[in-house]
Structures are given as structure tokens and as C-alpha cells.
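Trainee: I would like a close look at a single part of this model. Please start with one helix, then work outwards and tell me how the pieces fit together.

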Amino acid sequence: MRRTERFSKLRSSLLSRYLLIIIAALLFLPVVLPLTIIAYGLFNRMDAEEQPKDAVLYSNIKKLEKLWHNEALLLQGASPEVIDQRLHELSGKYSRATMFWVDGQGMTRLTLRPAKSVQEVEEVGGPLPVHWTTATAIAFMKQSMKREPLTIVAFVGDTAESGEGFMVMQIPESVLNVVLGKSISIWYGLVLLVLFIAFAVVSWLFFIGIRKRLLRLQTAMTITGPDGMPGAIASGKPDEIGRLEEAFNTMVAELASSRRRESEEEDLRKQLVSDLSHDLRTPLTIIRSHLHVLTKEKITSQGQESLKLMDERIADLGVLIENLLSYNLLNSGRVILNRERKDILRLLRESAAAWYPLWEKEGFKVDIDLETKPLYWSVDVVWFRRILDNLYQNIVRHARSGCYVKISTEVRAGLRVIMITDHGQGLGSDSTSKGAGLGLTIVDLLLKAMELDWTMESTQQGTSIVLFNPHQEI
């Protein structure tokens, strides 16, 4: 069973299919080319009607050479008439060949040329010399080395010592081309071309299929639906890419399940924060009212300090609950901003006037340096005042050591900005009233909702908060 599964995986593997293509390419030269040559030979045999009837006589050159030497051996000691007669007989049988012989004195005795075509006569060459010398013999042998035409030479008696001369057979090149097989013709070239194209097409189809599937997977990864999650894709072949597609679908399903659980937990958390905020407000209000009553009773100075500290901590807790409720509303998208074009500098003056008694009570030095020229931003007045309240609350809680607050305007990078500065120890220092940073988080959410921006520079010498409208020039 395991062997069957392994074989099935191997058969469906991209690697096995690619190796099959490579093996086919390696076998192409040693296997396919010989097969095409054999097929070409069979084609030539089937095309026998185009060949001359006596073509078989010239099909074996070694056999012709052996025949010619045997005939020369048999003519040893024969008279010129007998040799002429035998050559006539051989010429009648091998009618496409040129035959002649030269006697021992170097005289050409008989020349028999084929009468089939003028072309074959021209291929054999010009007239033969009547008297052969050493120079003419050497020139003839050099010409015969080119095999155009094929020349077979044998001494009469088949030995040079006999001194009886030599006999020659010449076969035209056109006859050899027909007999020994046609040169690589257009049909053979077409067969090879088709095989090469087939191999290229198979390789191209293999890789184009892989490319299409990878692009489909890439598209599925990059395109998300309305919920921000990619959609599942249909699984293809059970190969490596198919297993990758299945893994992608599994990942998408797990992400969707995780996103669903996260959304449910987020809704539960928001509901819990909202419920706790409302449930804690009432008892805190009652506790503060009773503390206020206790301050009117006759209590020692130490008791009065304890009541004051309790009232401050309850007030901080009230602010924290208010921030939690605001953060919950902002995160859930249930806050609707009514933005209007307002003079921000006027809102700053009004907010600073409302906080001035508290700053004066805490011993803060207040420096307000605002321009007289109005600065108009599109804001929600209520929530913008909430931004300022959170920033001022942070100054009271974290910058008491510096007892300084400054509200001013400047021009930075071509923009009119608002600066709120204190001389505290900075947000990085340890503080007994240090919270979770919800106030600044709410500031950031509200400013983004109003298409405003802010920066904060905090050191041990103080903190500077810059509010600005990135879309408004001077």
C-alpha cells in the first residue's frame, strides 16, 4: 500500500515530470537520431521506383573493387583481344561505368564510356591520354583521390611485376548519389525540425503550466475580500504546487477563524469596558460626595490630608474611566464628528481660561502667547476641547515638578502650529501618577479623525507637543 502511495506521489511530482523531459532530451541524440536514419533508409527503399533498375550493381563499392581485381587476375597473360572482349562484356553489365585499359607499353588500348546521359560523361572527365607517362599517371591518380568520379584501378594479373598494364573502372558521382542513398534531403531536415520543435513545445508547456498556477496563487495572496482576507483557491493537480495550494487554503481558513475569534473577543472587551465604565461612575460619584461631607467635619489635619489624597485618586480614577469609555467609543466607530470651521486660537483661550484656576491652585506659571490673527481649522468643538483637556491633564499629572505651562503659536515648515510646552521631567521619567497612556491614545485617534496631526518632543527638561493641520498653509 505504501509503495503504491509513493509511486502515485512520484508520478504526480513536478520533479519526476521534469526529469522525464530531461531524460527524453538526453536520449534524443543517441536514440532518436539513429531511429530517424533507419526510418530514412526505409523511406529510400520504399522509394525504389525512382532508382535505376541496375542500381543494385553499384550499391557495394567493396564488392565492385573485389570483382575488378579478380577480373584483372583472371586476365593475366591474356592477349589484348581477350582483354578487350572481357571489358566489353563487363561494360554491357555495368553500363553506367567508364572502363579502359592500358598495356605494358603505356598505350591506351580500349575506352568504353556509358551512353546513358551526357551529364555522366562530363562527370567522368575529358579525353584520356593515348600514351601514358609517369606524369600523366600521377595526375590521374591525384584526380582519382577526390572520388569524383569513383575510380577503381587494378593491374592486369593483379600485380605490378607482371608488366602487362592496368585496367580502370570509373563510376559517375550521380550514380553513386542514387545508389548509396540521397544526401540529407529536405524531408530528413523536416523530421529533425519537427522533433526539436516538439521537445521545445513540451518543455514550454511544462513551465508555462507551472507559471500560470504560481501566478494564480500570487493573485489569490494579494487580492483580499471585503473582510480583508484572501479567498481560497481551487486545488489543482496533486503535485508540489497542488500541496502548496492546499496549505494556502488551510492557512486562509485558520486566519479567518482567528479573525472571527479576535472580533468576538474585541466585541466582548468593548462591551465589558462600556458596562464597567457606567457601573463605576455612580459609586465613585457617591464616594466623592461623602468625602466632601467629611471634609466639613472636625477631623485632624492628618485626616484632612488623607481625605484630600483620596479625593484626588478618585478624581484620577474618574478620568481613567472617562478615557476608557471614550477609547471604546472611538475604537468601535460609534463617534460621529460634527466638524465645523472654527478659530482654533479662540478655543485655546477658552480652554486655558477654564483650566487656569486649577493651574493657579497647583502653583503653575502659565504663559499664553497666541497671535491675534485667527487660525481656522475644521474640527468638532466638543472633541477638540477633549483633546486639550487630555493634554492639560497630562501636564498637571506629570509636570508638577516644573510648575510651568506655555501655550503658543509658531511657524514650522510653512505651517502655523500650536505648541503646548511644560518644564516637567518628561514622559520617560518615573511618576507616581503615570498611567497606561490612554489619554494620549485618545488624542491621537481624535486628531486623525479630524485630519490633523501632532508631534511630541519629550526630554528631562520638559515636553513640547505640536498640533498642526498638514493640509493648510500659512
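Mentor: First, a cut-off: a residue counts as buried under 20% relative accessible area, and as exposed over 50%. Keep in mind that the model is predicted.

Start with helix H5, residues 80–93. Five of its residues are buried: Ile83, Asp84, Leu87, Leu90 and Ser91. Their arc around the axis is only 125 degrees, so they sit on the same side of H5. Glu81 and Gly92 lie on the other side, and they are exposed. The helix has 14 residues. Its first and last C-alpha atoms are 20 Å apart, close to the 20 Å expected at 1.5 Å a residue.

Now see what the buried side meets. The buried residues of H5 pack against helix H4 (61–74). They also pack against three strands: S1 (98–102), S2 (108–112) and S4 (166–171).

Those strands belong to a sheet. It is open, has four strands, and runs in the order S2-S1-S4-S3. The pairing is antiparallel. S2 and S3 (150–155) are the edge strands, each pairing on one side only. On average, neighbouring strands of this sheet are turned by 10 degrees against each other, direction ignored. S3 and S4 run antiparallel and are joined by six bridges. One pairing to locate is threonine 151, whose bridge partner in S4 is glutamine 170.

Two helices lie across this sheet. H5 crosses S1, S2 and S4, running at about 170 degrees to S1. H4 crosses S1, S3 and S4, at about 30 degrees to S3.

Next, set this beside the other sheet. A reminder first: strands of a sheet pair through backbone hydrogen bonds, either parallel or antiparallel.

The second sheet has five strands, and it too is open. The order is S6-S8-S9-S11-S10, and the pairing is mixed. Its edge strands are S6 (365–369) and S10 (453–459), and each of them pairs on one side only. Here neighbouring strands are turned by 20 degrees against each other on average, direction ignored.

Both senses of pairing can be followed in its strands. S6 and S8 pair in the parallel sense over five bridges. S8 (residues 404–412) and S9 (residues 415–422) are antiparallel, over eight bridges. Valine 405 is a good marker. Valine 366 stands opposite valine 405 in S8. In S9, aspartate 422 is the bridge partner of valine 405. Arginine 412 faces leucine 415 of S9. S8 and S9 form a hairpin with two residues between them. In that turn, alanine 413 has a positive phi of about 55 degrees.

Helices pack on this sheet as well. H13 (residues 381–398) touches S8, S9 and S11 (462–468). Its direction makes about 35 degrees with that of S9. H14 (residues 438–449) touches S10 and S11, and its direction makes about 150 degrees with that of S10.

Two residues in this sheet deserve side-chain detail. Take arginine 416 in strand S9. Arginine 416 is buried because its relative accessible area, 11%, is under the 20% limit. Its side chain reaches backbone oxygens. The backbone oxygen of lysine 373 lies 3.1 Å from a polar atom of the arginine 416 side chain. The backbone oxygen of proline 374 is reached at 3.1 Å too. There is also a neighbour from further along the chain. The C-alpha atoms of arginine 416 and leucine 467 are separated by 9.1 Å, with their positions 51 residues apart along the chain.

Then take threonine 463, in strand S11. Threonine 463 has a relative accessible area of 5%, so it counts as buried. Its side chain makes a polar contact with the side chain of serine 458, at 3.0 Å.

Finally, step back to the whole chain. Its secondary structure comes to 14 helices and eleven strands. Of its 474 residues, 34% count as buried. Among contacts with a separation of 6 or more, 69% are between residues 24 or more positions apart.

Definitions and conventions. Residues are numbered from 1 along each chain as its sequence is written. This is a predicted model: local features need pLDDT of at least 70, side-chain atom pairs count only at pLDDT 80 or more; totals for chains, interfaces and linings use all residues. Side-chain values use heavy atoms; hydrogens and water are left out. Two strands pair if DSSP finds at least two bridges between them. Axes are lines fitted to C-alpha atoms, for helices over the stretch in contact, and angles run from 0 to 180 degrees between N-to-C directions. Contact means heavy atoms within 4.5 Å. Buried means under 20% relative accessible area, exposed over 50%, partly exposed in between (1.4 Å probe, protein chains only). A polar contact is a pair of N or O atoms within 3.5 Å; within protein, one must be able to donate a hydrogen and the other to accept it, and residues adjacent in sequence count only if both atoms are side-chain atoms. The expected span of a helix is 1.5 Å times one less than its number of residues. The arc is that of the directions from the helix axis to the C-beta atoms.
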